[in-house]
Amino acid sequence: PGCEADVIPVTPGVYDCRIVQLYAPEEADSDDVFDREEPHFHLVITAAVNQSSVKFEEVPWFPEGDD
């Protein structure tokens, strides 16, 4: 909730997506990281060269059922 406007428009197709975490994973739950105003991740989207890319159904670091 609250991220509905965070959309990156792309032309339909297959893309490679690289996500770089900008803080140490073990600090993810700290107030210092959680309350940051700046981005937590850097996202790079490029047209895929290899059409056999993997499709993710969930965010890999937040698997369904993880609380």
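Is H42 buried, partly exposed or exposed? I looked up its relative accessible area and found 43%, so I entered H42 as partly exposed. I note at the outset that this is a predicted model.

**Entry: overall layout.** I went through the secondary structure and found one helix and two strands. Along the sequence I read the order as β-α-β. The elements I wrote down are strand β1 at residues 15–21, helix α1 at residues 31–34 and strand β2 at residues 41–47.

**Entry: surface and burial.** I checked how much of the protein is covered. Of its 67 residues, 6% count as buried. I put the exposed area at about 6200 Å², with carbon and sulfur atoms supplying 56% of that area.

**Entry: contacts across the sequence.** I looked at contacts with a separation of 6 or more. Residues 24 or more positions apart account for 54% of them.

**Entry: H42.** I returned to H42 and placed this residue in strand β2. I then listed its contacts, setting aside neighbours within four places in sequence: R18, I19, V20 and L22 remain. I took the C-alpha distance from H42 to L22 as well, and it came out at 7.0 Å for a pair 20 residues apart in sequence.

**Entry: I19.** I followed one of the contacts of H42, namely I19. I found I19 in strand β1. Its relative accessible area is 42%, so I19 goes down as partly exposed, because that class lies between 20% and 50%. I also found I19 in a nonpolar patch on the surface, together with I8, V10, F41, L43 and I45. I recorded about 480 Å² of accessible area for the patch members together. I asked which element gives the most to the nonpolar patch. My entry is β2, with three residues.

**Entry: charge.** I searched the surface for a gathering of negative charge and found a patch made of E26, E27, D31, D32, D35 and E37. I picked D31 from this patch for a closer look. D31 sits in helix α1. I noted a relative accessibility of 59% for D31 and entered this residue as exposed, because the value is over the 50% cut-off.

**Entry: summary of residues visited.** I have H42 in β2 and I19 in β1, with a contact between H42 and I19. I have D31 in α1, as a member of the negative patch.

Terms used. Residues numbered from 1 in each chain as written. Predicted model: local features only at pLDDT ≥ 70, side-chain atom pairs only at ≥ 80, totals over all residues. Heavy atoms only, no water. Patch = residues over 30% accessible without salt bridge, like charges linked within 9 Å, V, L, I, M, F, W, Y side chains within 5 Å. Areas by Shrake-Rupley, 256 points an atom, 1.4 Å probe, with all protein chains shown as cover. Salt bridge = Lys/Arg side-chain N within 4 Å of Asp/Glu carboxyl O. Lys, Arg positive; Asp, Glu negative; His and termini not counted. Charge placed at Lys NZ, Arg CZ, Asp CG, Glu CD. Helix = DSSP H or I, 4+ residues; strand = E, 2+ residues; numbered from the N terminus. Buried < 20%, exposed > 50% of the residue type's maximum accessible area, 1.4 Å probe, protein only. Contact = heavy atoms within 4.5 Å.
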